Each structure stands twice: as structure tokens, then as C-alpha cells.
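Me: I should like to understand how the terms used for a protein model follow from its values. May I put some questions about the one shown here?

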Amino acid sequence: MNKYKVVENLIGWSVPFLNLFRRPEPWPYKLDDLLYLDQGTLGEELHQFLQSRNLGYLPKYEEHDAYHALLGYGTTVTEELKLQSFMWGNKNATFAGKILFILGYILFPSKHDEFRQEIKRGMRARPLCEFDIASMIPLQLDELRRDLCIN
């Protein structure tokens, strides 16, 4: 089994376990609600992000999906590790995200430059923990990225 498959399986296996402990606030948007938001909003981007991958919301991970859309990361192992690198730099990483980042950093030394770049990107951005991502869903994505210093 290659390293990418190991990390992919680890992510898949950890979600049900982590859900035993996660108690996020209920997500206020059904997936279909996003269809009625204006063009260019984070919500529209989130809908497109999920639909283009034939995905729905992963229960208790709706915020995580919204971060993928806000930050522009895909769903491959490398893209997930880049998201976790950003969150590490932004001081917004969860315990599970930190473990995943460390594991990815160990397993993929050829990706260190990419991960460091994303850490720096996270450090330059405003701390995302200060904001409620659900309240950003109807806002214009370009303006959000500018205001949050996400470039």
C-alpha cells in the first residue's frame, strides 16, 4: 500500500472515531440552500466544491468543507495536507489536524516546500478562529479572501 493510500485510509477511519467526541454547532445550511445564494459567494463555491466531486456534507464536518472552499484546497491527500498546513500556520488546527499534518510531514518529505508555503500563507492570514465561517456563507468570496488576507 502506498503512502497516499495509508493517509487516505487513516482519514477515512478516523472520522467515525472523531465523531464520537465532536460536538459542533448545527450547520445552518442544507446543501440545497446553497443553490439560492448569489453568484460569487462562499456558499456558491462550497456547493460547487461538493457537487463537482459528487459529495454531500460530511456530518459534523460542514465547517471543514467550507474551509476547503474558502481557502481553495481540493480533496486529494496532498490538498488535505496543504489545508492542514495552512491551519497550523494560522494557529487554527484541531488536534486531529495537527496529527495529520505531522504524519504528512514525516511521510512526504518531497512536499515539505509546499507545506511550508501553506504554513506561511496561514500565518499571513487573519486568524480564522476569530470568525464564524457559517456567517460567511452568503458573503462574496473574493471580498472575504481579501478581508481575511487569504491570497
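**From values to terms**

Reply: Phe 101 has 7% relative accessibility and therefore counts as buried, since buried means under 20% relative accessible area, exposed over 50% and partly exposed in between (1.4 Å probe, protein chains only). This is a predicted model, in which local features need pLDDT of at least 70 and side-chain atom pairs count only at pLDDT 80 or more, while totals for chains, interfaces and linings use all residues. Residues are numbered from 1 along each chain as its sequence is written, and side-chain values use heavy atoms, with hydrogens and water left out.

Me: Why does Trp 88 count as partly exposed?

Reply: Trp 88 has 34% relative accessibility, so the term partly exposed applies. Tyr 105, at 25%, is also partly exposed.

Me: What makes Trp 88 and Phe 101 an aromatic pair that is tilted?

Reply: Rings of Phe, Tyr and Trp (its six-membered ring) pair if their centres lie within 6.5 Å; planes under 30 degrees apart count as stacked, over 60 as edge-to-face and the rest as tilted. By this rule there are six aromatic pairs. For Trp 88 and Phe 101 the centres are 4.6 Å apart and the planes differ by 35°, which gives a tilted pair. Trp 88 belongs to helix H4 (residues 77-89) and Phe 101 to helix H5 (residues 95-107), so the pair ties together parts that are 13 residues apart in sequence. Helices (H or I, at least four residues) are DSSP runs, numbered from the N terminus.

Me: How do you know that Phe 101 and Tyr 105 form a tilted pair?

Reply: Their centres are 5.6 Å apart, with 40° between the planes. Both residues lie in helix H5, four residues apart, about one turn of the helix. Ring pairs link Trp 88, Phe 101, Tyr 105 and Phe 115 into a cluster.

Me: Why is H3 called roughly perpendicular to H4?

Reply: H3 and H4 pack at an angle of about 90°, with their axes 11 Å apart. Axes are lines fitted to C-alpha atoms, for helices over the stretch in contact, and angles run from 0 to 180 degrees between N-to-C directions. Angles under 35 degrees count as roughly parallel, over 145 as roughly antiparallel, 65 to 115 as roughly perpendicular and the rest as oblique. H3 is therefore roughly perpendicular to H4.

Me: Which residues of H3 meet H4?

Reply: They are His 64, Tyr 67, His 68 and Leu 71, where contact means heavy atoms within 4.5 Å.

Key: Helix = DSSP H or I, 4+ residues; strand = E, 2+ residues; numbered from the N terminus.
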